[in-house]
Amino acid sequence: MQTRGCGHICGESSPGIGEAGKTGEWRDSYPLIDLRKCTPAKQNKPACFQCWLYCPDAVISKTIPVQVNLEYCKGCGICAEVCPVHAITMVAEETSCSS
Amino acid sequence: MIDKKSGSNSDIQILDGNRAAAIGAKLSRVQVIAAYPITPQTPVTEALSEFVERGELDAQYIAVESEHSALAVCTSASIAGARAFTATSSHGLAYMHEMLHWAAGTRLPLVLACVNRAIGAPWNVLNDQQDSISQRDTGWIQIYARNNQEILDSVIQAYKIAETVYVPVMICYDGYILSHTEMPVAIPLQQDVDRFLPQYRPHTILDSSNPKNYNLVTLANPRINAEGVLCHGYMELRYLLQEALQNSRETIRKVGQEFGELFGRSYTDLLWKEKMEDADIVIVAMGSLAMEAIVASKMLREEGYKTGVLGLRLFRPFPKADVLKALSKSRLVVIFDKNISYGSEGAVCSEIKAALYGSQVNAAIRNFIVGLGGRDVTAREMADAVKKSIASLTEGVPNKGYPEWICHI
């Protein structure tokens, strides 16, 4: 069988970060976390982490304080929706093309 | 029986087409079978489940709730490294439509037996070829069998073809006319099939120790993946599928030749020809209809017409060059289609016209739509249609806009 380029004949790849490129470029708003309200930061305990649990792109860390990887965060806003203490606000990016 | 030419042993049994397909799959040592019963394909699934249950076939028979799932199971099995088989008809094939694209797009060498049946509405369970023709653009190789021997032989060859070019193959045969009609079939010995058909070697494999993503969102343009390798975009992968089909003709021919050397029945030619040497009037048909056309041609020969029959064995990829060569001496080509591309004409007719465009062959073309929903097609009707076409040549119209239907309107 003749192969060219990557040698693949179907869409295949190894699992890895950034398979689809830096998807943070797709974002039109980013999550801003108010650490005065965020439970793990406020209590200095590994608690809550609802944003980590629900983030569909797994870009939120389960740390104190939680951190968002903005290179890959697409700005979907699910973290802001699920935060029980309303610590997360979606803030519009200044330009439509953040890259 | 020992074939004199190849020295190969075989056992002749009286079989219907469905049993022939099931035995073909068994001899190919399929490892996973997932199918959902539908008339007239049901006996294929029954036979295969019996083989598995009796321990004659070492395979997983996976019961599913629909044809869409059946092909999804086969697709998954194939990507995990198993040789998989399914069979369906009509609405079942329509229900598989989405998965047909996935299987071909992932380049999985599946084999599917399509027992050709009309498609609703209105409801009908009898034969025509509308079901498989409706799936012609899914990227599958399509082979049409004329008799039960060809069904069995084609299923075995299909695995070798599919696993060489990594394109799935659909073996199509007419419902009832072949599926439920018994005729003598030579069954090759397992040891000979094993010599002919090597173990399945997947082009890619899903393995838990080496995880992979398949068919993620693939953008139009090539892009660099996480490992820094430039990967094909959607369009490149689709080009490779087209290229694989274009180039598969040689593999199909070679596999047919190897089969002939081992079993004494050669499939080197992608077309079936009957009395074509001196024919200037050619009847074209696909599947069992090509056999009826031979009878019609004999009648016409007795009346003094120089007719021949061109039976299409391969529909996708369409053997353009072979068709062009076969029709080089014809002045009239009469094409019988058991399908209709509504608003246009029969699918075979369109292909023949496209093959002849720009060539030196200047034959008039006539197209008849016949046998839809199991309407009987007699040799006499076909002969009369050819004579009507000959008479119409005086009108000087080489290519009529729309086909004629042989029906009561």
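Me: At about what angle to E16(B) does helix H11 (residues 347–356) of chain B run?

Reply: Heads-up: this is a predicted model, where local features need pLDDT of at least 70, side-chain atom pairs count only at pLDDT 80 or more, and totals for chains, interfaces and linings use all residues. Residues count from 1 along each chain as its sequence is written, while chains are lettered from A and ligands numbered from 1 in the order written. H11(B) lies across strands E13 (281–286), E14 (307–312), E16 and E17 of chain B; helices (H or I, at least four residues) and strands (E, at least two) are DSSP runs numbered from the N terminus. With axes fitted to C-alpha atoms (helices over the stretch in contact) and angles from 0 to 180 degrees between N-to-C directions, H11(B) runs to E16(B) at about 150°.

Me: And which strands does helix H12 (residues 379–392) of chain B lie across?

Reply: H12(B) runs at about 140° to E16(B). Contact here means C-beta atoms, placed from the backbone, within 7 Å. The strands H12(B) lies across are E13, E14, E16 and E17 of chain B.

Me: Which are the edge strands of the sheet E12-E14-E13-E16-E17-E18 (chain B)?

Reply: Six strands make up this open, mixed sheet. Pairing takes at least two DSSP bridges, and each edge strand pairs on one side only. Those are strand E12 (271–274) and strand E18 (404–405) of chain B.

Me: Which residue in E17(B) stands opposite B:Phe336?

Reply: Strand E16 (residues 332–337) of chain B pairs in the parallel sense with strand E17 (residues 364–369), over six bridges. Opposite B:Phe336 in E17(B) stands B:Phe368.

Me: Why is one side of E3(B) and of E15(B) left without a neighbour in the sheet?

Reply: Their open sheet runs E3-E2-E4-E5-E7-E6-E15 in chain B, with mixed pairing. Neighbouring strands there are turned by 20° against each other on average, direction ignored. E3 (60–62) and E15 (314–316) of chain B stand at the edges, so one side of each stays free: each has a single partner strand.

Me: Which residue in E15(B) stands opposite B:Ile143?

Reply: Strand E6 (residues 141–144) of chain B and E15(B) pair antiparallel over two bridges. Across from B:Ile143 is B:Leu314.

Me: How far apart do the C-alpha centres of domain 1 and domain 2 of chain B lie?

Reply: An automatic or database assignment sets the domain bounds: domain 1 is 10–203 + 245–263 and domain 2 is 271–405. Contacts link 28 residues of domain 1 of chain B with 21 of domain 2. On the domain 1 side, H8(B) gives the largest share, five residues. The centres lie apart by 27 Å.

Me: Which residues touch the most other members of the largest nonpolar core?

Reply: A nonpolar core joins buried Ala, Val, Leu, Ile, Met, Phe, Trp, Tyr and Cys through C-beta atoms within 7 Å; buried means 20 or more other C-beta atoms within 10 Å, exposed 12 or fewer, partly exposed in between, with C-beta placed from the backbone. Both domains of chain B give residues to this core, so it lies between them. Among its 132 residues, the ones touching the most other members are B:Ile171 and B:Ile283.

Me: Which residue in E9(B) stands opposite A:Ser13?

Reply: Between the chains, 17 residues of A contact 24 of B. Strand E1 (residues 12–13) of chain A runs antiparallel to strand E9 (residues 213–214) of chain B, joined by two bridges. Opposite A:Ser13 stands B:Asn213.

Note on methods
Two residues are in contact if their C-beta atoms, placed from the backbone, lie within 7 Å.
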